Amino acid sequence: MAPRPAWKGYLKLSLVSCAVELTSATDHSEKVSFRVINRKTGNTVRRQYIDSVSGKPVDQDDEVKGYEIGSDEYLLIDEDEIDAVQIESSHTLSIEQFVDRAAIPQIYFDQPYYLSPSDEVSEEAFAVIREAMAKQKKAGIARIVLYRRERPVMIEPFDKGLLLTTLRYDKTVRQPDEVFDGLRKGKLDPELVDLATHIIEKKQARFDPSGFEDRYEEALLALIEAKRKGRKPPVAKPAERPTNVVNLFEALKKSLGEEEDAPRKSASGGKKPASGKPAKKAVAAKTRKSA
């Protein structure tokens with residue numbers, strides 16, 4: 001079943017425009033989900049709005065959004081009044097500028113969506129815009145009204161179409177100095193950095209998302225399966241929590257030694273380190289110089 005578009009409208013570059021649709025690039029439908037059940041009856045439970053003063057349930061027809069304008073004073077706004085609020089980005093992705101993708105800090109990226117032409121008539125204009133962006137190696141910046149919020153977005157070539165990523169507003173991003181400002185800037189022992197660098201070299205590999213598995217999800221499914229079959233739920237031994245390293249040099253040396261031994265201990269017997277680079281024995285053999 002084809003995914004349902006989250007938004008339909010037009011992509012516009014200067015005077016060129018084409019009809020497009022936006023589809024979420026992620027899918028959470030297969031995740032384990034739970035319903036709230038009445039333990040006494042076994043029936044599912046549904047939520048219901050309760051009047052905060054009278055304590056009585058509120059009929060759905062009587063529910064309305066309210067904007068607080070004073071103490072216990074609200075301005076009532078109907079759904080159709082909200083739906084009537086329309087601005088250009090409600091229906092048009094107008095690319096305002098082009099930037100280097102690398103110039104956008106990762107912290108501003110939010111949700112990814114696929115952007116594709118919504119009909120055959122729009123395919124040529126869409127392809128021209130996509131090809132021009134790919135040729136210039138630039139990402140477009142635009143705005144879109146999605147789920148009743150206008151959001152800045154980045155648009156870039158991806159596969160045969162375009163990838164749209166919603167961006168966070170600057171005021172919603174906590175600046176790094178708020179967290180990192182207290183970190184001390186001391187001079188590091190180059191020998192320690194050298195050891196850590198070689199550990200990183202031994203762990204180098206190609207990015208392969210297919211190798212990621214949700215182990216917590218698997219544990220939940222094992223719990224569900226055990227209860228379905230009337231067995232006791234599996235009891236997992238809590239993972240040992242790491243502690244602060246007392247001797248950093250010895251910990252790094254031991255880590256490097258384990259990374260060098262890992263390929264030899266593998267079942268295949270012939271697996272090489274991901275980086276393909278030989279270990280530097282001189283580094284592992286060094287002893288820390290006395291102060």
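In the predicted model, the exposed residues E124, V128 and K135 are carried on the face of helix 2 that is turned away from its buried side. The buried residues of this helix are F126, I129, R130 and M133, and, seen down the helix axis, they fall within an arc of 95°, so that they line one face of the helix. The charged residue names on both lists may be read directly: R130 is among the buried residues, whereas K135 is among the exposed ones on the face turned away.

The length of helix 2 was also examined. For its 14 residues, a rise of 1.5 Å a residue leads to an expected span of 20 Å, and the C-alpha atoms at its ends are 20 Å apart, so expectation and model agree. Helix 2 comprises residues 123-136, and E123 lies within it. With a relative accessibility of 44%, E123 counts as partly exposed, because this value falls between the limits of 20% for buried and 50% for exposed residues. Although E123 and V20 are 103 residues apart along the chain, a separation of 9.1 Å is found between their C-alpha atoms. Just after the helix, K137 adopts a positive phi of about 55°.

Two threonines in other parts of the chain were considered in turn. T165 is placed in strand 10, which covers residues 161-167, and its relative accessibility of 7% is under the 20% limit, so that T165 counts as buried. When residues up to four places away in sequence are not counted, T165 touches F109, D110, Q111 and P112, together with P152, V153 and M154. T44, by contrast, is located in the loop that runs between strand 2 (16-24) and strand 3 (65-70); at 49% relative accessibility, T44 counts as partly exposed. With residues up to four places away in sequence again left out, the contacts of T44 are R35, V36 and I37.

At the level of the whole protein chain, the model contains 7 helices and 10 strands. Of the 291 residues in the chain, 22% count as buried, and T165 belongs to the buried class. Among the contacts with a separation of 6 or more, 64% are accounted for by residues 24 or more positions apart. The area exposed by the protein chain is about 24000 Å², of which carbon and sulfur atoms supply 52%.

Terms used. Residues are numbered from 1 along each chain as its sequence is written. This is a predicted model: local features need pLDDT of at least 70, side-chain atom pairs count only at pLDDT 80 or more; totals for chains, interfaces and linings use all residues. Side-chain values use heavy atoms; hydrogens and water are left out. Helices (H or I, at least four residues) and strands (E, at least two) are DSSP runs, numbered from the N terminus. Buried means under 20% relative accessible area, exposed over 50%, partly exposed in between (1.4 Å probe, protein chains only). Contact means heavy atoms within 4.5 Å. The expected span of a helix is 1.5 Å times one less than its number of residues. The arc is that of the directions from the helix axis to the C-beta atoms. Accessible areas come from the Shrake-Rupley method with a 1.4 Å probe; for residues, only the protein chains shown count as cover.
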